[in-house]
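Colleague: I'd like to learn how to read a protein model, one feature after another. Could you walk me through a few?

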Amino acid sequence: MNQSRLLFGSAVFLGAFLLFLVEPLAARQLLPALGGSAAVWITCLVFFQTALLIAYLYAHALARSGRSIPHVALLFVALASTAAWVAGNSTPMLGANHPIAAVFLSLTGWIGFPFLALGATSPLLQVWWTRIEGTPVPWRLYALSNLASLLALAAYPTLIEPHWALDEQRGLWAYGFLVFVLISSVVAWQVRLAPPAQPAAAPAEAPETLPLRSKLLWLLLPMGAAMQLCAVTAYLTANIAAIPLLWVLPLGVYLLTLIVAFQFPRLGRSPIVPRLLIVFLAGLAYMLTQTESALPMRIAIGFFLVELFLAGLYLHAEACALRPARTAHATLFYLLFAAGGALGSFLIGIAAPLLFRYNYDLAITFCVTALLALAAAWPTGWNNRLIWAASSATLAVLVCWLVVASQRQTIAAVRNFYASLRVKESHSYPGATIRILSNGSIQHGTQIFGTDALRRTPTTYYAEDSGVGLALRFCCGSRPRRIGVIGLGAGTLAAYGRPGDQIRFYEINPAVEPIARNVFTYLRESPAAITVVPGDARLSLARELAQGRSPQFDVLVVDAFSGDAIPLHLLTTQALALYRRCLAPGGILAFHISNQHVDLDPPIALLAQNAGLTARRVFSVPNSERGEFGATWMLLTDNAAFLQQPEVAPSLHTPGALPGLRLWTDDYSALLPVLRW
């Protein structure tokens, strides 16, 4: 009997650990093919929530059938699928042109069967335990599952990602899954052979009628918590960086709210929780109205995680309090609970980008949270009704205010998988009109419409004394230049074009080019020959080389951004080797590394050192009269003559180093060591 319990405990612990470990691992693998987009993880969350719901349905059906051998068959099918995932090249299906379908098809092919087997483990083993032991499932099995889940989420960004490459991570995970399959198969075989235990006599359960209100709240309260998880995660990754650390922190907090709500219900329903929640909802809602200011990263992350914890705890605890008394209705409760999680993630991850041109996700989520709190608190009396009704009304006003404010001065707006783009027109520049392209709170281009000279002057991060300005002005003398630019934005760099020049932009977001061509004039007024290549830059460059069309760029500019920093797959040894094959002899690589949260100097300097190139850092100071921002660029080249020019040399600085930093590759990259906390 002790051996049986050890097997049950091992299967529960290992299953939960592997389930939550494979989520960031598989999502991390998708990032390069989809341009490092922050939306990758949110779409993955939709897949994981939906797959978990399917796993619960499968477990429910299998438990009712009373058979265990079909689960053994699923386990070995999942093991074969895992072996194919580890052995294959794991290239995402479809790619950047169909990003949502690419996420779903790729995850289904890679980890669909293993995820189904792992997700069904906990509910199945609960049923099998009661069949063998004849007793309720002990709380220590729940504790083991929750402990394993939290350990997996904590281990990935801190221990696993910084020390193992992706192929090594997949291999280690596959070995763990093999052990899980063997243990679970033994458990399933024991269940088949063991005679059912006679449960202790239980008092007859009185008939229970389930009110429609309760069933709706079983669905809607978890939906609100899942909306909170997705909206908070999307905000952090879009405004900081799409990295596993900012994926697992909110997911860990969300999991913690489930643990507290189900295992410590009194703590979850403490009167202090809704009061603190109101304070944080109000404070963060006010912060959303302050679009021109930003909090330091650690403070912003802290505030949002606390709000997520309070909201998730309150909503989950209220749902838990409505659990049915009859065990016969328990499966319906858990299925509706899981369906609510899938619905909430779908609304934020899939529906919102399709329905809204602007990103109102957080504001709408805050309002939905208050409305659901009002519904949950309605039976408790008029005081709570009035408090939550007032909060709901206030947050609804905030949503309306954001709708009006986002359209003010806006002449173009579009939202898709890759970004929420907005072009704002203002008259803040004396005697001229300014158009600004932004993605969320991050500006990606500005043009001043006044005189012809102003309109054709490069602004923001691309001033003449910036790193890219120096590279373009002094790379080639007066001869025609071949220039490559990864990341289009407003097309500002086309302002450097001269007659005879060829400038080739690479842009993954299909919504950017129409804006650059029709709302801004840099592209159409440039004397250079302009070409825009759609799709991921690395894939496009590799395709051109494979077709024998080496671009031979004099300057290749890496200016693509996901969140506040360059996507990591554009900063690896393989990427640098590709760039060098696309450069003419003596060509220059210019990396735009201006951002608030990540210090990219050391990893790029390490890449240059490994490739035998000289790396120099250039910082240009802001000039509000000319619309120029402070900008940081890294220039990599083996062209000593360029670096020694008197117009260039005074602006160059040796980049800093970070002891112990590991070289970034396609299989290994970790932002944690270079985050600016």
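Modeller: Sure, we'll go through a sheet, its turns, some odd backbone angles, two buried serines and a pair of helices. Keep in mind that this is a predicted model.

Colleague: Let's begin with the sheet. In what order do its four strands come?

Modeller: The general idea is that strands of a sheet pair through backbone hydrogen bonds, either parallel or antiparallel. In this structure the four strands make an open sheet with the order 1-2-3-4, and the pairing is antiparallel. Strand 1 (410–415) and strand 4 are the edge strands, since each pairs on one side only. On average, neighbouring strands of this sheet are turned by 10° against each other, direction ignored.

Colleague: How many bridges join strand 1 and strand 2?

Modeller: Five bridges, and the two strands run in the antiparallel sense. To see one of the partnerships, find Val414: its bridge partner in strand 2 is Leu421. The two strands form a hairpin, with four residues between them.

Colleague: And moving on, how many bridges join strand 2 to strand 3?

Modeller: Here you get six bridges, between strand 2 (residues 420–426) and its antiparallel partner, strand 3. Look for Arg422, which stands opposite Ser438 in strand 3. Then follow Ser438 across to the other side: Gln443 in strand 4 stands opposite Ser438.

Colleague: So what about strand 3 and strand 4? How many bridges are there?

Modeller: Seven, again antiparallel, with strand 4 covering residues 442–449. Another pair to look up is Leu437, which faces Gly445 in strand 4.

Colleague: Is strand 3 mostly covered or mostly open?

Modeller: Mostly covered. Strand 3 spans residues 433–439, and six of its seven residues are buried. As a general point, the side chains in a regular strand alternate between the two faces of the sheet.

Colleague: Now the turns. What should I look for in the backbone there?

Modeller: Check the sign of phi. Most residues other than glycine have a negative phi, and most peptide bonds are trans. Strand 2 and strand 3 form a hairpin with six residues between them, and Gly431 in that turn has a positive phi of about 70°. The hairpin of strand 3 and strand 4 has two residues between the strands, and there Gly440 takes a positive phi near 65°.

Colleague: Those are glycines. Which residue has a positive phi of about 65° although it is not a glycine?

Modeller: That's Gln409. You'll find Gln409 in the loop between helix 15 (382–407) and strand 1. Gln409 has a relative accessible area of 42%, so it counts as partly exposed. Gln552 is another non-glycine with a positive phi, of about 55°. Gln552 sits in the loop between helix 20 (537–546) and strand 8 (553–558), and at 32% relative accessibility Gln552 is partly exposed too.

Colleague: How do I decide whether a residue is buried?

Modeller: You compare its relative accessible area with a cut-off: buried means under 20%. Try Ser184, in helix 7 (residues 166–193). Its relative accessible area is 4%, so Ser184 is buried. Leaving out residues up to four places away in sequence, Ser184 touches Ala11 and Leu75.

Colleague: Is Ser4 buried or exposed?

Modeller: Buried, because its relative accessible area is 11%. Ser4 lies in helix 1 (residues 2–30). Now look from Ser4 to Val187: they are 183 residues apart along the chain, yet their C-alpha atoms are separated by 7.5 Å.

Colleague: Last one: how do I describe two helices that pack together?

Modeller: Look at the angle, the distance between the axes, and the residues that meet. Helix 21 (residues 573–582) and helix 22 (residues 601–611) pack at an angle of about 60°, and their axes are 10 Å apart. That angle is why the two helices are called oblique to each other. The crossing of helix 21 past helix 22 is right-handed.

Colleague: Which residues in helix 21 meet helix 22?

Modeller: Thr573, Leu576 and Arg580 do, and on the helix 22 side they meet Leu607, Ala608, Asn610 and Ala611. Sorted by class, this contact has four nonpolar residues, two polar ones and one charged.

Note on methods:
Residues are numbered from 1 along each chain as its sequence is written. This is a predicted model: local features need pLDDT of at least 70, side-chain atom pairs count only at pLDDT 80 or more; totals for chains, interfaces and linings use all residues. Side-chain values use heavy atoms; hydrogens and water are left out. Buried means under 20% relative accessible area, exposed over 50%, partly exposed in between (1.4 Å probe, protein chains only). Two strands pair if DSSP finds at least two bridges between them. Axes are lines fitted to C-alpha atoms, for helices over the stretch in contact, and angles run from 0 to 180 degrees between N-to-C directions. Angles under 35 degrees count as roughly parallel, over 145 as roughly antiparallel, 65 to 115 as roughly perpendicular and the rest as oblique. A crossing is left-handed if the near helix is turned anticlockwise from the far one by less than a right angle, and right-handed if clockwise. Contact means heavy atoms within 4.5 Å. Ala, Val, Leu, Ile, Met, Phe, Trp, Tyr, Cys and Pro count as nonpolar, Asp, Glu, Lys and Arg as charged, and the others, Gly among them, as polar.
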